[in-house]
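Biologist: I am new to this structure and would love a close look at one part of it. Could you pick a turn between two strands and then show me how the surroundings fit together?

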Amino acid sequence: PSGTKTGKPRRAHKPCRSIAAMTADPAKFNGVWIKDTTDGDMTDFLKFNNVGMLMRQAAWAFGYGKGVSRARNVFADGVMYEEVLVFIDKVGWWFLGGRSTLDGSRQKIAMFEGAPMIPPTMYWVESRLTDTGLESDLFTMGGERHSRAVRSVSEDGNTLTTEITIFDGDKEYKIKTTHNKSTEETETMPALEDLTASCPVVVSVDVPEGSTYKKSVISESLEEYFSSPEQCLDAVVKFFKETQPQGDEKETSLEEVSDTEFIVHITNQDDSKAAKHSKVDRDEGTVTVTYKIGDDAHVDFFFRVHKDPVRVQVSNTFPNEDQILFESYMWAQKVLNGILPRSK
């Protein structure tokens, strides 16, 4: 992964044997999983994550997400793509996550488990398939060991069990959770290419100091894909110009206003109208996209292409800070999935 050598953790284990040699079938982890039981040292774990008493009591009262929390996994070509359901009451919900190669190598990931109660955090992860199941060791970005998780699937393929050990100095907290595989037709897995977690580049929730935006996300270096920031900005502009109908949208049409401004007009399934107004500032390396319903501006999204190295930063103007972060992360992955080759 990208990043300096300073602070990288030592390997906790040697890489496992080849995936083909494992008795654990990775395809059994595929699907949508609904939280069932949570047992163990949850109070200590939440205190470890600086969750206050009232929030801890609320989490307990709601069964730690029993019947509500969801995870969806897809295993393909030695890579596990994982997303967890994150929701804000009366605001919205998102499936957010990323990907990791199951070869024991160190990789950077954004962890959304427990968000927004537990803030999303960047970690190093080492994941591997063993005879026991799917094992993952997490380390802080400074190299300190954080936790270890072992996941396994029942013989009938319907129950996912996760056993977690959290390391807090000389203390250890242990948690065991189970998830049941969803059989609802409305919760079938989307195609791999439709998962935002299939984004081939890590998106970080740790933004450099001095950022223009209060809450935002930023990609790792894109110099493997683009020879200049200008080329990257052109790709972002092209992505928004070629926007296709999504979700409840029925059709879209492009209006070129000027060399630096364009509008994508949207007709929804109920024939209501909306639009995405985009303005390009090549000197600043930005694309500002304003989503309008009728004549009313609903939200602004900011896409900034950085230099040295080439990276894409995303923020927006939603009023809720958690929503700003979640929407920015989702749209960063969407745009990167749209502008980067799938073969990488």
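## A hairpin and its surroundings

Modeller: Gladly! Let's start at the hairpin of β15 and β16, where 4 residues lie between the strands and Gly285 has a positive phi near 70 degrees. Please keep in mind that this is a predicted model. The two strands of the hairpin, β15 and β16, run antiparallel and are joined by 8 bridges. One place to see the pairing is Lys279, which stands opposite Thr288 in β16.

Now stay with Lys279 and look towards β14. There, Lys279 in β15 is the bridge partner of Glu261. The strands β14 and β15 are antiparallel too, with 7 bridges between them. They make a hairpin of their own, again with 4 residues between the strands, and in its turn Asp271 takes a positive phi of about 70 degrees.

Asp271 deserves a pause, as its side chain has a partner. Lys250 and Asp271 form a salt bridge, with 2.5 Å between the closest N and O atoms. This pair connects distant parts of the chain: Lys250 sits in strand β13 and Asp271 in the loop between β14 and β15, 21 residues apart. Lys250 counts as partly exposed, at 38% relative accessibility, and Asp271 is likewise partly exposed, at 48%.

Let's step back to the whole sheet around our hairpin. It is an open sheet of 8 strands, ordered β11-β12-β18-β17-β16-β15-β14-β13, and the pairing is antiparallel. At its edges are β11 (203–204) and β13 (249–258); each has a single partner strand, so one side of each has no neighbour in the sheet. Further along the order, β12 (residues 217–219) meets β18 (residues 311–316) through 2 bridges, in the antiparallel sense. Here Val217 is found opposite Val314 in β18.

Which helices go with this sheet? Helix α3 (residues 229–241) lies across β13, β14, β15, β16, β17 and β18, and runs at about 155 degrees to β17. Helix α4 (residues 321–339) also packs on the sheet, where it touches β11, β12, β15, β17 and β18, and its direction makes about 140 degrees with that of β18.

Helix α3 has a side-chain link to an edge strand as well. Lys241 forms a salt bridge with Glu256, and their closest N and O atoms are 3.2 Å apart. Because Lys241 lies in helix α3 and Glu256 in strand β13, the pair ties together parts that are 15 residues apart in sequence. Lys241 has a relative accessible area of 28%, so it is partly exposed; Glu256 is partly exposed with 46%.

Helix α4 leads us to another set of strands. It lies across β3 (79–88), β4 and β5, running at about 50 degrees to β4. These strands belong to an open sheet of 10 strands in the order β4-β3-β2-β1-β10-β9-β8-β7-β6-β5, with antiparallel pairing. Its edge strands are β4 (92–101) and β5 (103–111), each of which pairs on one side only. On average, neighbouring strands of this sheet are turned by 25 degrees against each other, direction ignored.

You can zoom in on one pair here: β6 (residues 121–129) and β7 (residues 134–139) run antiparallel over 6 bridges, and Leu129 stands opposite Leu134 in β7. On edge strand β4 you will find Trp93. With a relative accessible area of 58%, Trp93 is exposed. Together with Val68 and Phe87, Trp93 makes a nonpolar surface patch of about 330 Å².

Finally, a word on charged pairs: the whole structure holds 15 salt bridges. One of them joins the side chains of Asp36 and Lys66, at 2.4 Å from N to O. This pair also spans distant parts of the chain, with Asp36 in strand β1 (residues 31–40) and Lys66 in the loop between α2 (53–61) and β2 (70–76), 30 residues apart. Lys66 counts as partly exposed, with 48% relative accessibility.

How values were computed. Residues numbered from 1 in each chain as written. Predicted model: local features only at pLDDT ≥ 70, side-chain atom pairs only at ≥ 80, totals over all residues. Heavy atoms only, no water. Pairing = 2+ DSSP bridges. Contact = heavy atoms within 4.5 Å. Axes fitted to C-alpha atoms, helices over the stretch in contact; angles between N-to-C directions. Patch = residues over 30% accessible without salt bridge, like charges linked within 9 Å, V, L, I, M, F, W, Y side chains within 5 Å. Areas by Shrake-Rupley, 256 points an atom, 1.4 Å probe, with all protein chains shown as cover. Salt bridge = Lys/Arg side-chain N within 4 Å of Asp/Glu carboxyl O. Buried < 20%, exposed > 50% of the residue type's maximum accessible area, 1.4 Å probe, protein only.
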